[in-house]
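Hi,

Here is the model I promised to pass on. Have a look, and my notes follow underneath.

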Amino acid sequence: GRQSTTAIENEFLRVSFKRGTLDIYDKQTRRTYTGLNVIEDEADRGDAWDFSEPWLKNPVLRSSDFSAVCRLAESGPVRTTLEITTTMRVPKRLNGERRSVEKVDLVLVAKVSLSRGARRADVSLTFDNQACDHRLRVKCPTGLQSETVLSQGHFGILEKPIRNPDEGKTGWSQPPPTTFHFREWVAVEDGRHGLAVACRGLYEYESRAGRKGVDLYITLQRGYGR
């Protein structure tokens with residue numbers, strides 16, 4: 001079953017596992033970032049160029065809605081690590097415009113580490129994908145109000161609006177994508193506080209204006225059948 005609260009901390013941060021998500025408390029700014037590191041699974045009928053939703057609406061599945069087990073995997077003078085194991089049940093494929101009734105296990109293993117003297121939380125995620133026609137993303141609600149998002153590009157820092165200004169206005173049968181590329185990090189700041197997500201080997205993000213601030217989504221994997 002789900003363990004309600006497990007936490008690790010260093011000089012700067014405290015990371016807590018609560019209800020299937022991560023909370024990060026910054027001891028210097030006294031600000032808490034909540035609901036982080038949720039894995040979302042949704043149907044994808046796109047191709048190698050971009051994501052495409054089926055015409056029929058299919059529900060988005062979230063790791064926080066499934067049981068998770070959290071344990072202290074490492075505790076030493078230099079680093080402490082939580083290991084969180086979540087088993088999601090996801091549809092195996094698309095049948096036309098609907099996801100299949102047949103489901104498979106998607107086992108997620110996240111290792112969350114805090115190192116001595118570091119003002120960041122390190123997260124590694126492993127999974128064995130057995131499903132088709134779907135997209136996996138990690139969602140990080142920032143809780144910050146902003147009209148733009150910052151990201152590292154090839155030759156400098158890029159600033160883009162939260163929503164694609166041309167969305168739905170082109171007259172094309174396929175709307176323009178709402179995802180953008182980034183090099184190593186993407187961030188949101190409101191002039192006083194900021195939250196950045198830095199990645200290795202992941203290059204696509206989306207930003208949305210959520211109920212409590214800007215939500216960041218990082219694409220982990222796409223599996224498409226055509």
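Which residue in β8 does C70 stand opposite? The partner is I84. Before the rest, some housekeeping: this is a predicted model, where local features need pLDDT of at least 70 and side-chain atom pairs count only at pLDDT 80 or more, while totals for chains, interfaces and linings use all residues. Numbering runs from 1 along each chain as its sequence is written, and side-chain values use heavy atoms, with hydrogens and water left out.

**The sheet.** Four strands make an open, antiparallel sheet in the order β7-β8-β11-β12. Its edge strands, β7 (68-75) and β12 (122-127), each pair on one side only. Strands here are DSSP runs of E, at least two residues, numbered from the N terminus, and two of them pair if DSSP finds at least two bridges between them. Between β7 and β8 (residues 79-91) there are seven bridges.

**The core.** I84 turns up again in the largest nonpolar core, which has 40 residues; I84, V186 and I218 have the most contacts inside it. Such a core is a set of buried Ala, Val, Leu, Ile, Met, Phe, Trp, Tyr and Cys residues joined through side-chain atoms within 4.5 Å, with buried meaning under 20% relative accessible area (1.4 Å probe, protein chains only). Beyond its neighbours within four places in sequence, I218 is in contact (heavy atoms within 4.5 Å) with residues including V186, L136 and Y205.

Enjoy browsing!

Terms used: Buried < 20%, exposed > 50% of the residue type's maximum accessible area, 1.4 Å probe, protein only.
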